[in-house]
Structures are given as C-alpha cells and as structure tokens.
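Trainee: I have a protein to look at today. Could you take me through the structure, please?

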Amino acid sequence: MQVKGVVTDSTGAPLPGATISQTGGEKKSMAADEEGRFSLSVPLNAKLRISMTGFESKVVTVSGPTLRVILKSTATTMKDFVVTGYGTQRKDLVTGSVATMKMDEDRRNFPTTSVGNLLAGQFPGVFVSTPSGIPGSAPSIRVRVGTSFNNQAALFVIDGIISTADDFNNLSAIDIDNISVLKDAAAAAVYGARAAGGVIVITTRRGALGLASINYSYNTGFSKRGKNAERTSAIETGEIYNRLNPGSSSMWSQSDFDYFKKINNGWGYDQLNEVYNDPNISSHNLSVSGGSEKIKYFISGAYVKEDAMMKNLTYDRYNFRANITADITPRLQAFTSVQMYNGLTYGPPNTAVAANPNDLYRKQLLWQPEQPIWTDGGNPIDYGWIANVGAETRGDGGYIKRNWLSPTINVRLQYKVPGIPGLSASGQFFKSYFNTRGKAFETLYDMWVMKTTGVRQISTNDADRIALKKSSQIGKSYLQENYSWMTSHTLNFALNYDSTFGLHHVKAMLLYEKSDWSAGGITSSRDNFPVIVKDQWWATSGDRLDSYNGGSTEQNNGRRSWVGQLSYDFDGKYIAAFSYRYDGSMQFAPERRWGFFPSVSAGWIISKEKFFSGVNGIQFLKLRASTGLTGNDLVGGWQWQQSYANGSSAFFGTNPKTNVGVTYGPIVNKDLTWEKSRSYNAALEANFLDHYNASLEFYKVKTYDILGKRLASVPPTFSRNLPDANYGEMESKGVELTLGMNRNIGNFKYYVNANAGYGVAKYNIRDENISYPWQKTVGNNVSRVVTRVVTGMLRTQADVDAFVSKNPGYKYYGIAPQPGQLTYKDISGPNNTPDGKIDDWDFEVVKANSNPVTVGLNLGAEWKGFGLQASFGGNFRQYRMVNNLVDGNVEWNRMWRDWYTDGWTPENPNAGLPRRYSANDGTRRVTNDASTFWSKEASFLRLRFLAASYSLPSSLTSKAGIRGLRFFFNGSNLFVISKFGKQYYDPEMADGFTYPIMKAFNFGAVLSL
C-alpha cells in the first residue's frame, strides 16, 4: 500500500531530510522532502525506521495510509538540511561556507525591535554591532572583512526574494524558522552582482500537519541605560572652570559654591533626570499553525513597543503574516505568503538645539549643572540660549513623527513533471510596497526669564519671573508633511532536478529572474500660524509666500539574471558543485551591463572511506574547498549617461529678472562596470567523541575593478568633474573556528557552542595624494592605526627646563613646552629627518592592523521543564581612541570626572592625565589631539542574551484544557566584561557621552492551545 506521512520535531516543525527506511522484508529507503513529507509503497504492518542526525530514531508500524512521526531532539546544533540560496542542501553535502541558526522559542521572545540583534555571537565571521538605545535602532551587520572603497553591505534574502536590511530587521522574530549566512563565493555566487558582502538567507515558518496550534505570548519589563563616562558634579565643574579661566568675570564665586552645595548635595541641576522616562520594551505575539494533507498554514500577528528614557521618544511596530502551503494536485504545490509591517516613531523636533535624539541626549547629559530647566510650576526657564533643552524633549517645540507601511505578497508554484522522476518546474512572483508618511510640527515657545543672583544662581520660583522670551531654535513656526513610496516586484521561473542513480546523486537548477523597482516622494510645508499655533493645516498661513514644496526624483531601476547550479556526489562521499549567475543591471551602459559570476567547489567526506573505519572517536570528517566570483553594483551607477545640474543664474539684456543656469555634471564614463571579488575558501569539519563538533576555515578574497575617484591634475580653468573609474584593488584573508558540545545525561540536556573569527584587509591599488610618508596606504592594512607617539609628560618646571635643554627649539605645532603637557616623538621633517618640531610630519604607524578577533559563546541547558540559555558576543584585541573625553567637552558643561580626580595641576603633578586647557585656549590641542596616550585596549565580552524559562508539566496543563504554559525571563545586554568599560565607558559606544546601549529585563509567558 502507498503510505504518506510527515516527520516533525516536538514543536510540529517539519524535519526535511529525515530518513525513512523499511526494516525487514524488501529494503526500501527515502528522505523526507523540504516539508518533512514522504510517500513509500510498503505492505500493511510493515516496520519503518525514521532517523535523523540530532534526533532519536523511531520505529513505527504501518497501520494505515497516513502517518505522522514525531522525533525527539537529542541535540541543538545539527540539522540535516540547510538553506543555500535558491534551494536546500543536505548539511553533510554542503561544499560552500554556510552557517545556520534555527530559531527557538526563547529567541522569538527576545526583547528587541530589530531581529538583527539575534545574530550577534552566533556565527564566526559575522560582525553584529550593538545599537544605541534609541527606540527602533538596528545593528550594523557585516559578513567577513570588507574589501572595497565603497559600500559592500550584506545582501538579505527572505523566502527566496532579495530584500533589504530594513525588511530583515522589521521581521517579527516569531515568524522566523531559520537563518543561513552564505559567506564564500561557492555559497553566494547564485546572487552574483550583489553578493560580494555575503548573503543572509531567512526562511519564515510554515504550517505543519495536524490540528490547529495556537500560541500567544506576552512580555514586558524595564530597561536600564548602559555606562556613559562618569561626569563631574556642579561643584567639581565649578572648580575646574575657575582653574582654567583665572580672572574671568564668569568665575564661580564662593556664594555660587555655597548655593549649589544645597542643590542635590552638590550635584546641581540634572537636565536628563528632569525629562527621564522609565524605558521598556513590551510585546504581544499570536500565531496559529496547523493543516491537513492538502493545506497547511501559519498565521501570525505581533506588536512591539519601545519607550526611551527621554520623554516623547517612542517606537511602535505591528506585524502580520499568513503563510499557506497547498497541494492543489498530487503534482502541483502552491505557497502563498502575505505579510505586512507598520512602524511608527515619535520624537523631538530637528532644530538648531539638536539634529537627532543622540545630540539631544548628549546635551542633556552634559548641560551646565548650574542651570535649572523648569520653574517650580513646570515652565521652561530661559538660561540665555536659543532654547531650553528640556522643553525641546518635553515637546514644547513640537515633534517629528513617522509612519511607514510595507505590505508584500509572495506566491510560488511548483509542478512535478510527469515521466521524469526528480524534475520539477516552478514560478515565483513577489510584489512589495513601501509607503512612508512623515510629519514635522516645529514651533517657537515662551521661556521664562527669571531673577538671577550673580552670574549663575537662577531662581525657580514662579513669582520671580522677570519677562517672557521667545525661543529662537527655528526662524518661524511651521508644519511640514512628506510622503515617499517605493514599489518593487520580482518574477522568476526555474527548473529543478534531483535524482539518484545507484551511488550517483545529481542535483541541478536553472533559473531566470527579473526584478524592477521605482520610487518617488513629495514634501509640502507652511510657515506661520495667523490665529492659533496648532499641528493642523487649517491653522497655517494661506499666503503662498509662506508655502514651499519639494519632492524627490522619480526613479526606476531593474535587473535581469540567469542562474544555474549543478551538484554531484558519489555515495555521499565525493562532492562537486558548480554555480553561476549572469546578471544584467541598468546601472551600467548596455555594452557593460552584463556580468558573469561563477563558482566551483568540492568536498571529501573522509570519514566514509574504508581506511577510516578503524579510526575511533571521530564520527564525521569532511574537507571542502571552493573558489568563485561575486560582484557589487552599489557603486554609484548611471554615470554612463550625461547628467546636468543647476548652474549660476545670470542676467540677459536689460530685463532685471535672473535666468536659471544649467551646467554639465561629471564627465561621462561609459566603461563603468561591476566591482568583482574572487574568493578562495578551505575548511575542515568534524564530529567527534559522540557529542562534539568543530570546524576550521580559511579564506582569501581579492576585489578588483573597484570604482573610485582618480586623483589627476587638471588645469584650474577646467570646469568639469572627472568621472569615477574601475581601477582599485584590495584583498583580505581570515580564519574562522567553531567548537561545540551537546550532551544528554538522563533528563538533563546541555550544550556549549563557541566561535571565533579574525580577518584583515589591505589596499593593493589605490590612488593616493601623499604629502607625508605615513599617508601611504597601498600595501598596508585598512585598519592600521596611524597617530602621534607620546614620549612622556612634563610634570614640573624642572622637567620643562631639562626637556628644552635636551630638545632646543622643540614646539608642538608652534606651542612651547609647559608643565603638564605631553611630549611627542619627533619622527621626521621635510628633509625626512627629525627637525625638532612636532607637526604633520610626525605621525607613525603604531599598529599594523587593529582588526579585532570576534568571538561568540552560546550555552544552554534543560531539565524537567526548566530551561536556560545564554549568548555572549565580543571583540578581543580591539582598540579605541578616548580623546573624545576632552576634545569638544567644554569646561562650562559637565566633564569626564577624571579631569577632576586625576588631571594635572601644579598641586597634583603626578596625575595620570595631562594638563586640561580651556575650550577657548588655542593651546588645547597639545592635550586634545589623538595620540598613543589616548589609544586604549578595549576588548570586551558582552552577555547579549539570557533566557530562563519553566514549562508546566503536561499533567497539569491537560487538566486545564491547554497544550502548554511556559513562563520566562529574557534579558539583553545585561553586562559587559571589559577593563575599558570599567575605566571609561561601554566599549561599543561611539564615545563616552553618546546615547547608551540599553539593558533590558523582561518577563513573560507563552500560552499554547
């Protein structure tokens, strides 16, 4: 009889690649397809053994025409199939560099608004930054070391469709089934022209055979800000100010010190605390999945909200997805996905006060501690500036809000061709829309001018108001709205073949794909409000002189591609694969439009050889190697066409009206074409001692035809700009390592996975305009550190006299030595010999490269319903310049506290820091300039993710009529192990006073029906 069945794990997820074999009688065997399904002709009551690596095998008896087999997991790291571009491949047969991650329930409830954060620490060679705590911020993601002067970003593919990083980060985590990272050309060449930066492939969840499974989860909690550099109190700020500005009329008086000792115990007024809001992330997730033999479905909805620690700064997102798989006929299968995400942000206006929330945070963090923000009645105080920073945050000056909506539809049909086993044809159509509406309402507001005692003792008593003063952060109050849109569609047709002939297995694919997209937008604004200032158009001025409009150029673009793949393996032992993509892009001239991007790879599973059968302790050993070509067309295309720009206006004749001028753009270069990256990759993979796995991988990449500006001399009378040209060359090399363990001891299961990656890149060909020897970059690493070399510190006048005696004529950019100054190495001069002067000749390469070793550590354990997972990520051998703790940090604001506790003064000559100068002192650069003194080792290991959970036993939940109930705690960025972080600030922050990384503590529950 013909038996049809499906193999799933304990969560209902299908297990593609599971082996179904008949035991006893006629030996029959097959592998489950991508949906975990199989069909086998066996007698009634036959015994079938179902097995898969990482799961306990099971023997079942055929008692009817349908079977559903659930396998119990024995490991968390091994899956038999991985997604590789336009299809899947058995993991043991993969010959390219592919790293995978299966999404689990803990990560689906991770407290984040960007799923990119879930990749941190998971893969070697994948660099994921920790974003700032500004709501909705997304991490930067890079695969291996970049080898281009231009943007070489990773490419994202969602359910077979090329997408954007925003599309990825706006996915709901509950919708994701697995993520694959294609790192070398053998894996990524099928994406050709845009794959030089690596490819991240995301597969969303599908329905499984069975009754409807309903899951609802909710989590909420609180967030805490990470570490900024420690700041001075009001009293400490005043003392430093007086030291740096002796004799100034604005010096702090003894009365000031006495007064501010009573304000928050000497801390003074804290602008940030006055607008502080309890930050948190909360989310609701609902999903329904199930299906019959004919139709399977997965439907989900999600809502996430993030509030910042500053008032009126929020982010909200809604997600919806419906994935439906249908067997229309025994040979025709359809997959349809409809999804939508809607994001909303609300925040302070963009004015001369602050261009963005990060600038606003910095001002509030450092603002002059003697200046109050509110009167006792909550009115904004005028403290002598264009605006009140707290009032801007509170919304007195208006707001900027943004609402974007992106619906998509993805339809795929697959037909199994009769008469040719293993041959199928498919077609896929994708359509997306992206629409954004932004609204800016920015207004002037009243500030209260208060009675002031002396220079800085400002009264907060409402009765002490002297006058009202209008803010001047903008010229006029105005209302503005902007709309932008983008639409894209992709269509592809493919033939797939997968068949086995005895010990020979052949798999092939041929695909044609076209994609097109267009975009545009419009902006409209009005100044002035004749009667009432309100964020409505009817309240604005109707005078045309108060209106102004604009818009973006409507653009159209597109690509056409032919893609091919062919793989062969003999007895699952010797493997060879070839793939290519033939890409055409409208960015280049017709004769330069097409590029061919091939790859070849091979693998050898040594552990299947007869001579290896006597080797104990190694269950699996594979050697693989590959080479291939990928491309990059994100290089400022369309330069093959003549462009025009606005020129200078002119008068003609006696008419006093000006005439608009038009001029040529850059000179046309019709030879522009793709950047190309040739990569080489070799790796060794092993499973050993039953519970362990490891891999070691080496790679080398050479990128050529890099597009860049040529440095050429032209006469000053030449009025045109020179075009870009394909001339540059870079190369990189690196190594990646993984080591993992999975064990079960009775009811206790645990795993440990570690990974590390390191890579460097250098310039081979690059135009240079060299004035000094240290400016030469060709032949050097991209990440080298070039700076001034500090030789010591002059602590006393005696030190100065001795130094000048030994170094007569020494000056630092014309600055004579003084006590408290750093001294610098005299490296060279115009004659290529030391000249006693420190200037731009005196830079040196102090580190040949500063690329960090990126590491990840993932731990997990389960025992009788209890679960624990932790994920660490970090960088070792990382260096940071910390002169940002003085440069640009003026002394009338709060400062880095070490300037008070450890800064040089005549009374403290043995301090660790040099002499601090006033921001108005031209001598300050002798301390503030970047140098080896400010270069600090900044290695760190961050706990990126922690999850603890407990699932009630089924004996209890069944009595309540539910399938399951799980309670959990999830945390993100809970701590950082870092000497740098302890002494300065969070090592992943841009500087000591930027918007910090947030620590999230969330609690929730998952209910299953």
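Trainee: What area does the protein expose, and what share do carbon and sulfur atoms supply?
Mentor: The protein exposes about 44,200 Å², and carbon and sulfur atoms supply 56% of it. Accessible areas come from the Shrake-Rupley method with a 1.4 Å probe, and for residues only the protein chains shown count as cover. Please note that this is a predicted model, where local features need pLDDT of at least 70 and side-chain atom pairs count only at pLDDT 80 or more, while totals for chains, interfaces and linings use all residues. Residues are numbered from 1 along each chain as its sequence is written, and side-chain values use heavy atoms, with hydrogens and water left out.

Trainee: How many of the residues count as buried?
Mentor: Of the 1009 residues, 51% count as buried, meaning under 20% relative accessible area with a 1.4 Å probe, protein chains only.

Trainee: Now Asn358: buried or exposed?
Mentor: Asn358 counts as buried because its relative accessibility is 17%.

Trainee: Where is Asn358 found?
Mentor: Asn358 lies in helix 7, which covers residues 357-366. A helix here is a DSSP run (H or I, at least four residues), numbered from the N terminus.

Trainee: And which residues is Asn358 in contact with, beyond its neighbours within four places in sequence?
Mentor: They are Ile134, Thr994 and Tyr995, where contact means heavy atoms within 4.5 Å. In addition, the side chain of Asn358 reaches the backbone nitrogen of Tyr995 at 2.7 Å.

Trainee: Changing topic, what does the C-alpha trace span?
Mentor: Along its principal axes, the trace spans about 105 × 75 × 70 Å.

Methods: Helix = DSSP H or I, 4+ residues; strand = E, 2+ residues; numbered from the N terminus. Buried < 20%, exposed > 50% of the residue type's maximum accessible area, 1.4 Å probe, protein only. Polar contact = N/O pair within 3.5 Å; in protein donor to acceptor, adjacent residues only side chain to side chain.
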